[in-house]
Amino acid sequence: MKNNPSLKGLAIAVVAFIIAFGIYFLFLAKKNYYLVDNPTPNTYYYRINNGSEGIISAGQSVPVDLNQGKNSIKVFDQNKKILYDSAFQVNKIRGLLNIAHQDYYINRQYYGYNLKKDSLLLELNKTVIDGKEYFGGAKHFNKLFTDDFYYNVDEDYDKLIKNIDKVESRSKIFRKQDYLNYYKEYYKF
């Protein structure tokens, strides 16, 4: 076979393409999963869709498999006494099961070039937590299930801004105390 520069260039481009996608999927791609979270000092047992029994200890988050559409959960206390039997709807590719019905806050962080944080905060709603007002419009959540966020409780916001040409936002769900700590550190009032 004759030395063909076009064929060599195509082969190099295909190899570079495969390596780039490999790096993306191994290191950069965001994983989609569902969590059962327990910010309380109690231990709970649970059974999702009549599957095997799971246990979640104090302060723990456990990944679980959920189906798109209707799901069911039974939650038991540490003595295996049933607390409730409920159903919930899954519509998105990541979500959080709040089996203890604790307070969570879904915060939207804005990214972009020439972003004025202070004036943006004043435009958004205020959230009252323990009688104190917080700027930024974080949404309070204490129901069984939500999938209305991008980053889960065990993930951080992106440290690197990927697109600086326009203002974009990403939402993250926080446990109550984690949100208060984040607010204090990020906004530095």
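Strands, as named on this tour, are DSSP runs of E with at least two residues, numbered from the N terminus. The model is predicted.

**Whole chain**

Start with everything shown. The chain has 3 helices and 13 strands. Colour by burial next: 35% of the 189 residues are buried. Now turn on contacts with a separation of 6 or more. Residues 24 or more positions apart account for 63% of them. Switch to the surface. About 12,300 Å² is exposed, and carbon and sulfur atoms supply 54% of that area.

**First stop: the β2 and β3 hairpin**

Select residues 44-48, strand β2, together with β3. The two strands pair in the antiparallel sense, over 4 bridges. Pick tyrosine 46 and look across to β3: its bridge partner there is glycine 54. Move to the turn. The hairpin has 4 residues between its strands, and asparagine 49 takes a positive phi near 50°.

Stay with β3, residues 53-56. Which residues form its covered face? Gly54 and Ile56 do. Glu53 and Ile55 make up the uncovered face. Gly54 therefore appears twice at this stop, on the covered face of β3 and as the bridge partner of tyrosine 46.**Second stop: two loops with positive phi**

Select lysine 80. This residue sits in the loop between β5 (69-76) and β6 (82-90). Its phi is positive, about 60°, although lysine 80 is not a glycine. Is lysine 80 buried, partly exposed or exposed? Its relative accessibility is 46%, so lysine 80 counts as partly exposed. The exposed class begins over 50%.

Go on to aspartate 130. Look in the loop between β9 (126-129) and β10 (132-135). Here too phi is positive in a residue other than glycine, with a value near 55°. Aspartate 130 has 63% relative accessibility, so it counts as exposed.

**Last stop: the second largest pocket**

Finish at the second largest pocket, with a volume of about 340 Å³. It is lined by 15 residues; select Tyr157, Lys159, Tyr182, Glu185 and Tyr186, the closest to its centre. Then add the elements around them. β13 (168-175) and α3 (176-187) each supply at least two lining residues. Which element gives the largest share of the lining? The answer is α3, with 5 residues.

Colour the lining by class to end the tour. The pocket shows 8 charged, 5 nonpolar and 2 polar residues.

Note on methods: Residues numbered from 1 in each chain as written. Predicted model: local features only at pLDDT ≥ 70, side-chain atom pairs only at ≥ 80, totals over all residues. Heavy atoms only, no water. Buried < 20%, exposed > 50% of the residue type's maximum accessible area, 1.4 Å probe, protein only. Contact = heavy atoms within 4.5 Å. Areas by Shrake-Rupley, 256 points an atom, 1.4 Å probe, with all protein chains shown as cover. Pairing = 2+ DSSP bridges. 1 Å grid on protein atoms, 1.4 Å probe; cavity = no way out; pocket = protein on both sides within 12 Å on 5 of 7 lines; lining within 4 Å. Points joined across faces, edges and corners; volume = space filled by probe spheres on them. Nonpolar A, V, L, I, M, F, W, Y, C, P; charged D, E, K, R; others polar.
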